[in-house]
Structure formats: C-alpha cells, structure tokens
Amino acid sequence: MIRVSAPGKLMLFGEHSVVYGGSCIVTSLDHRYVVELKEIRNEKIVIETPESRLVKILYEIKLSQVLNNTKYERPISFVQAALKSFCLQYGPIKKGLRISTNGPIASYGLGSSSAITVATIYALVNAFGINCSKREIFDLSYRAVIDVQGESSGFDVASAVFGGTIYYKNHGKIIENVQISSMPIVLAFTGNKVSTISYIQYVSALKNRQRHIINGVFDLIDQVVYQAKINIVEQNWWVVGELANICQGLLDSIGVNTMQILAPVYAARENGAWGAKLSGAGGGDCIFAIVDKPHRHQVENAIKKTGAEILAINVDADGVKLI
Ligand code: MEV
C-alpha cells in the first residue's frame with residue numbers, strides 16, 4: 001500500500017493578480033490531506049472520500065473509462081482528473097486500484113482540492129515506480145486542476161508539491177523558495193467558505209469593464225508581492241504587516257471584501273497587529289494578521305469577538321511526501 005500526504009496552503013500576497021500571470025507568495029500548512037492507494041483484483045478503480053463515506057457510496061470507474069472521462073462527479077472530481085492526467089502522460093492503468101482520501105473535516109478554504117490532486121498523482125507515480133521530478137508532479141497536477149476548475153493560477157498546486165514558503169509567478173514558470181525560520185502570524189477563519197471560481201469570474205468581469213484600472217491595481221499588487229518577499233526573508237515583520245494592509249486595500253478596490261472579512265481584519269489592527277488582510281479569493285475564507293508576541297493574545301481575543309475562529313495551524317510545512 002502507498003500512503004501519501006500533501007499540505008494545504010495559505011495565500012499570503014498576490015491573490016487574483018496571480019491568475020493573470022502575476023506573482024504571489026504562498027506558505028504551505030500543516031493541515032494535511034492523505035491519499036492511500038492499494039491494488040485490488042477487479043478491473044476497476046474504486047474511490048472513497050470522506051464525503052462518500054458519509055453517504056455510504058463507493059465510486060467505481062472501469063479501467064477503460066479513466067481516459068474517456070470528461071464529466072467529473074463532485075466528491076471525487078479531483079481524484080478522477082488526477083487519474084486522467086496521469087494516464088495521459090504514462091498510458092492506461094492496467095491494474096485495479098482502491099484510492100481512499102482523507103483529511104481534516106473542516107477545510108477552511110485552505111487548499112484541500114489541490115492537496116488531494118497532488119497527493120493522488122504522487123501516490124500513482126510511486127505505485128507504478130515512475131521516476132518523476134517535483135516539477136513533473138506539478139505539471140501533471142496543475143493540468144488536472146485546470147481540467148476540473150477551468151481557471152486557476154496553480155499557486156496552490158505548487159505549494160502542495162514543493163512545500164515551505166514560495167514565490168510563484170507566471171503560472172508556475174517561476175517557483176522560488178522563500179527562506180523563513182518562523183513567521184509571527186495569527187490565522188483565522190471568517191466562518192464563510194466561498195467558491196473561489198465565482199470570485200475569479202467576478203474579478204474577470206470587472207477587469208473586462210475596467211481593464212486599465214484593474215491592470216494598474218494588479219501592477220501595484222505585484223509590487224507589494226516583490227517587497228513582501230524581500231521583507232519576509234529579512235524578517236522585517238512590521239513592514240510585512242504594512243504591506244498586508246496595502247494589499248488588503250487593493251483587494252478592496254476590486255470588490256472581493258465583505259463585512260465578515262473586514263471585522264476580524266480591523267479587530268486585529270486595532271489591537272496591535274502590524275497588519276492584517278484576507279487570504280484567498282475573498283468573500284470569506286481566512287484572514288491573517290502579522291503580530292508581535294506581546295500583542296498576540298489580545299489580537300486573538302479581539303478576532304474571536306468578531307465571530308471568527310482562530311486556527312492553530314503551522315506554516316512553512318513540508319510538501320507532498322510518502323508517509
Ligand atoms: C484563491 O485562493 C486565489 C486566487 O488568486 C485564485 C488562484 O490563484 O487560482 C483568487
């Protein structure tokens with residue numbers, strides 16, 4: 001049996017502009033997803049996920065159907081797309097397999113789909129003894145995610161593959177490790193999980209209407225990302241906080257903020273955080289604050305009072321690995 005785990009992710013800087021080839025900084029999270037893969041005698045692939053276990057349904061695909069699959073079923077879509085991407089590269093699978101996925105019950109919008117996709121590809125590659133670089137794992141996984149979602153910058157896939165904290169640009173043409181020893185961060189879930197794709201579409205429509213202005217905003221976000229990269233490496237955390245505030249303002253200008261985001265962001269700032277912003281597509285999901293030790297407790301309490309949930313999850317986690 002092969003067992004693989006891949007990390008979730010936290011977008012730090014660069015959301016939305018990264019969809020158009022801009023840059024971002026993302027850190028991997030110790031909020032891990034597991035894929036188990038076992039050979040079985042039947043000529044089919046049996047897929048089991050936490051959701052399928054709840055409704056007591058086992059999904060089955062005939063081996064001959066893996067490559068023909070174009071209609072993916074919601075709870076297993078990323079596994080199906082990963083299987084297809086693998087077969088497009090290495091040819092049809094000839095042995096029956098049972099694939100089980102597992103992970104934290106609450107995903108908080110922290111990258112479960114990309115982590116499951118990457119872990120499935122990595123498990124397949126290992127099960128069939130294929131010598132494959134992390135770059136190839138990224139390419140195969142990114143193709144699978146695009147196949148399901150239609151649009152994605154791929155930064156979350158890179159985070160699940162490479163782990164650590166990375167600077168990501170131009171749909172993965174540039175992926176660089178950003179060295180950090182620790183990060184003074186408080187992470188919180190707003191309570192509202194959003195559909196990333198609907199926010200990508202919303203921003204895309206705005207960009208079509210206000211092309212020059214939104215391109216200008218994205219250029220500024222790119223400059224923020226570049227400065228954040230330098231200051232994260234140099235551990236100038238108050239500057240990183242200030243850049244978080246600027247980025248939050250730029251994201252407000254493209255209309256992805258909500259009161260559920262603003263309440264914990266302002267609570268953090270008003271209680272001594274160096275800076276705070278949303279993380280991800282907007283609309284909800286998570287926020288983070290950059291906070292020094294003396295203010296941490298006060299900031300966490302203030303965030304909790306807004307109804308958001310503090311998440312005790314470590315950043316800069318390992319990329320995909322056998323366990
Ligand atoms: C979502 O976490 C971040 C977006 O930039 C989408 C993406 O990069 O694929 C909004």
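Reader: Let me start with one residue: does glycine 319 count as buried or exposed?

Author: Glycine 319 counts as buried, because its relative accessibility is 7% and buried means under 20%. Keep in mind that this is a predicted model.

Reader: Where is glycine 319 found, and which residues does glycine 319 touch?

Author: Glycine 319 is in the loop between β11 and β12 (321-322). Leaving out residues up to four places away in sequence, glycine 319 touches Ser5, Pro7, Arg32, Ala160, Val161, Phe162 and Gly163. You can also compare sequence and space: glycine 319 and threonine 101 are 218 residues apart in sequence, and their C-alpha atoms are 17 Å apart.

Reader: Which helix holds serine 159, and what is serine 159 in contact with?

Author: Serine 159 belongs to helix α5 (residues 155-162). This serine has 0% relative accessibility, so serine 159 counts as buried. Skip the neighbours within four places in sequence, and the contacts of serine 159 are Pro7, Gly8, Lys9, Val26, Thr27, Ser28 and Ile166.

Reader: Why would I look for groups of buried nonpolar side chains?

Author: Because in soluble globular proteins, nonpolar side chains tend to be buried together. Here, the largest nonpolar core has 57 residues, and Leu12, Phe13, Ile232 and Ile254 have the most contacts inside that core. A second, separate core has 49 residues, including Val18, Leu124, Ala160 and Val161.

Reader: Let's zoom in. What is isoleucine 232 in contact with?

Author: Not counting neighbours within four places in sequence, isoleucine 232 is in contact with Leu12, Phe13, Ile25, Val178, Ile180, Trp237 and Val240.

Reader: Which residues form a nonpolar patch on the surface?

Author: Leu54, Val55 and Ile57 do, with about 320 Å² of accessible area together. Take valine 55, which lies in the loop between α1 (50-54) and β4 (59-62). With a relative accessible area of 55%, valine 55 is exposed, because the cut-off for exposed is over 50%.

Reader: Now strands. How do I read strand β5, and which strands pair with β5?

Author: A general idea: in a regular strand the side chains alternate between the two faces of the sheet. Now the case here: β5 (residues 96-102) is mostly covered, with five of its seven residues buried. Strand β2 (residues 23-40) pairs with β5 in the antiparallel sense over seven bridges, and glutamate 39 stands opposite leucine 97 in β5. Strand β3 (residues 44-48) pairs with β5 in the parallel sense over four bridges, and valine 46 stands opposite arginine 98 in β5.

Reader: What do β9 and β10 form?

Author: A hairpin, with six residues between β9 and β10. In the turn, glycine 280 has a positive phi of about 110°. The two strands run antiparallel, and five bridges join β9 to β10 (residues 286-290). One spot to find is serine 279, opposite cysteine 286 in β10. Strand β9 (residues 275-279) is mostly covered, with five of its five residues buried.

Reader: Which residues of helix α10 are buried, and what do they pack against?

Author: In α10 (residues 293-305), the buried residues are Val299, Glu300, Ala302 and Ile303. They pack against β8 (185-189), α9 (259-270), β10 and β11 (309-311). Just after α10, look for glycine 307, with a positive phi of about 100°.

Reader: Last topic: how many salt bridges does the structure hold?

Author: The structure holds 11 salt bridges. One of them joins glutamate 15 and lysine 277, with the closest N and O atoms 2.8 Å apart. Glutamate 15 is in the loop between β1 (2-13) and β2 while lysine 277 is in strand β9, so the pair ties together parts 262 residues apart in sequence. Glutamate 15 is buried, with a relative accessible area of 2%, and lysine 277 is buried too, at 0%.

Reader: How exposed are lysine 44 and glutamate 60?

Author: Lysine 44 is partly exposed, with a relative accessible area of 21%, and glutamate 60 is partly exposed, at 48%. Their side chains meet in a salt bridge (3.1 Å, N to O). Lysine 44 is in strand β3 and glutamate 60 in strand β4, 16 residues apart.

Reader: And what do the side chains of lysine 321 and aspartate 318 meet in?

Author: A salt bridge, at 2.9 Å from N to O. Lysine 321 counts as partly exposed at 31% relative accessibility, and aspartate 318 is partly exposed with a relative accessible area of 44%. Elsewhere, Glu48, Arg53 and Arg98 are joined into one network by salt bridges that share partners.

Methods
Residues are numbered from 1 along each chain as its sequence is written. This is a predicted model: local features need pLDDT of at least 70, side-chain atom pairs count only at pLDDT 80 or more; totals for chains, interfaces and linings use all residues. Side-chain values use heavy atoms; hydrogens and water are left out. Buried means under 20% relative accessible area, exposed over 50%, partly exposed in between (1.4 Å probe, protein chains only). Contact means heavy atoms within 4.5 Å. A nonpolar core is a set of buried Ala, Val, Leu, Ile, Met, Phe, Trp, Tyr and Cys residues joined through side-chain atoms within 4.5 Å. Patches are made of residues with over 30% relative accessible area and no salt bridge: like charges are joined within 9 Å, nonpolar side chains (Val, Leu, Ile, Met, Phe, Trp, Tyr) within 5 Å. Accessible areas come from the Shrake-Rupley method with a 1.4 Å probe; for residues, only the protein chains shown count as cover. A salt bridge is a side-chain nitrogen of Lys or Arg within 4 Å of a carboxyl oxygen of Asp or Glu. Two strands pair if DSSP finds at least two bridges between them.
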